[in-house]
Amino acid sequence: MTEAITRSASCQCGQLRIEVEGEPLGVGVCHCLACQRRTGSVFAALARFAPPYHVEGTATEYLRRGDQGALFRFRFCPLCGSNLFHTEEGVDSSVSVAVGAFADPAFPAPSVSVYDCRRHPWVALPNALKSFDTDPG
Ligand SMILES: [Zn+2]
Ligand SMILES: [Zn+2]
């Protein structure tokens, strides 16, 4: 048995951390307006991981209902405000972690792009990325 790779992501002050195991189930970017406001950036980059995962530190939570009715629970650092990860209510099969929080430029590249209808026109995406106008669900 080979030892699974472990990655650690943290907020900018280091108070809140999440450790995930194995390769991501998927990596994507989201251009939706909620992600733009949430991150302060013009798109969000997220990686989904299967459990188990391990969280250290204190998180403040924010619940938001997505366009398709799903309820998402966002966790961010109460000290520095970084958005670190979120889960979907009632879905235990994955956790979505902000790619930037790994602070690893060698992190696997995204393969999907969602909410392309909200993409800033100057944001050019690699051709290899599969794009969806909204959220394919
Ligand atoms: Zn912090
Ligand atoms: Zn989004």
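User: What makes β6 and β11 the edge strands of the open sheet?

Analyst: In this predicted model, 8 strands form an open sheet with mixed pairing, in the order β6-β7-β8-β9-β4-β3-β10-β11. Strands β6 (60-65) and β11 (130-131) each pair on one side only.

User: How do you know that β3 and β4 pair?

Analyst: Two strands pair if there are at least two bridges between them. Strand β3 (residues 26-30) and strand β4 (residues 44-49) share 5 bridges, in the antiparallel sense. One of the bridges joins C30 to A44 in β4.

User: Why is the arrangement around the zinc ion (ligand 1) called tetrahedral?

Analyst: The zinc ion (ligand 1) is coordinated by the SG atoms of C11, C13, C77 and C80, at 2.3 to 2.4 Å. Four donors count as tetrahedral if all angles lie between 85 and 135 degrees. Here the 4 donor atoms subtend angles of 105 to 117 degrees, so the arrangement is tetrahedral. Along the chain, these donors follow the spacing C-x1-C-x63-C-x2-C.

User: Why is C77 called buried, and why is C80 called partly exposed?

Analyst: Buried means under 20% relative accessible area, and partly exposed lies between that and 50%. C77 has a relative accessible area of 1%, so C77 is buried. C80 has a value of 22%, so C80 is partly exposed.

User: Which strand supplies the largest share of the lining of the largest cavity?

Analyst: Strand β8 does, with 4 residues. Strands β7 (71-76), β8 (83-88) and β9 (95-98) each supply at least two residues of this lining, which divides into 5 nonpolar, 3 polar and 2 charged residues. The space in the largest cavity is about 30 Å³.

Terms used: Residues are numbered from 1 along each chain as its sequence is written. Chains are lettered from A and ligands numbered from 1 in the order in which they are written. This is a predicted model: local features need pLDDT of at least 70, side-chain atom pairs count only at pLDDT 80 or more; totals for chains, interfaces and linings use all residues. Side-chain values use heavy atoms; hydrogens and water are left out. Donors are N, O and S atoms within 2.8 Å of the metal (3.2 Å for Na, K and Ca); water is not among the atoms, so sites may look incomplete. Four donors count as tetrahedral if all angles lie between 85 and 135 degrees; four count as square planar and six as octahedral if opposite donors are over 155 degrees apart and all others between 65 and 115; anything else is irregular. Buried means under 20% relative accessible area, exposed over 50%, partly exposed in between (1.4 Å probe, protein chains only). On a 1 Å grid over the protein atoms alone, a cavity is a set of points where a 1.4 Å probe fits but cannot get out, and a pocket is an open set with protein on both sides within 12 Å along at least five of seven lines; lining residues have an atom within 4 Å of a point. Grid points are joined across faces, edges and corners, and a volume is the space filled by probe spheres set on the points. Ala, Val, Leu, Ile, Met, Phe, Trp, Tyr, Cys and Pro count as nonpolar, Asp, Glu, Lys and Arg as charged, and the others, Gly among them, as polar.
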